[in-house]
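Reader: I have a model to go through and want each label justified. Can we take the terms one by one?

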Amino acid sequence: MENLKNLVLAASQKVEMNGVTDIKKLYPDSIVFESIEEFEQHVIDRAVEYIVCNYPYEEDYTSGTWMFSTACDCEGDWIFLIDGDYRLMDYCNVSDTNVSNVKHAIWENNIEKFNDRLSEELEIKTNVDTSTHIIEGKEVTISTIEVLSKESE
């Protein structure tokens with residue numbers, strides 16, 4: 001979890017409270033995450049809901065940042081309370097590498113959870129395929145959930 005926390009810190013900016021004690025006064029349409037775990041579960045839930053409603057018949061599912069961005073694009077600002085400071089992250093900024101790193105880490109760290117939830121909710125049989133690639137000189141794991149068959153078949 002520490003790695004995800006560090007990724008969120010890199011992808012966010014500290015909010016200057018300027019004497020305001022209630023973050024909701026500065027960001028009334030925001031979601032405030034009290035922990036990294038709460039944030040991670042929120043993203044998982046929204047992404048699974050989005051896939052089930054919008055893409056139930058795909059042959060495979062990957063960590064494409066479009067999925068996470070689109071799943072959460074109408075939620076207002078995302079604020080994190082980390083080590084006593086409020087931090088703001090533009091989760092839908094697809095050109096921000098740090099934000100993309102957060103999304104990729106959530107997918108890879110929870111691939112079995114995604115696999116189980118999609119298999120159950122879409123009533124499909126699935127398999128996780130994981131491969132390693134060198135991207136910009138760094139070793140990167142990429143996991144794909146492959147659809148094997150519909151449960152009813």
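Reader: What is the order of the open sheet of four strands, and how is it paired?

Author: The order is 1-5-4-2, with mixed pairing. Strand 1 (13-14) and strand 2 (31-33) are its edges, each pairing on one side only. This is a predicted model: local features need pLDDT of at least 70, side-chain atom pairs count only at pLDDT 80 or more, and totals for chains, interfaces and linings use all residues. Residues are numbered from 1 along each chain as its sequence is written, and side-chain values use heavy atoms, with hydrogens and water left out.

Reader: What makes strand 1 and strand 5 a pair?

Author: DSSP must find at least two bridges between two strands. Strand 1 and strand 5 have two bridges, in the antiparallel sense, so they pair. Lys14 stands opposite Arg87 of strand 5. Strands are DSSP runs (E, at least two residues), as are helices (H or I, at least four), numbered from the N terminus.

Reader: Why is Gly84 called exposed?

Author: Exposed means over 50% relative accessible area, buried under 20%, partly exposed in between (1.4 Å probe, protein chains only). Gly84 has 61% relative accessibility, so it counts as exposed. Gly84 lies in the loop between strand 4 (78-82) and strand 5 (85-89).

Reader: Which strands form the open sheet of three, and in what order?

Author: The order is 3-7-6, with antiparallel pairing. Strand 3 (60-61) and strand 6 (124-135) are the edge strands. Twelve bridges join strand 6 to strand 7 (residues 138-150). Ile124 stands opposite Lys150 in strand 7.
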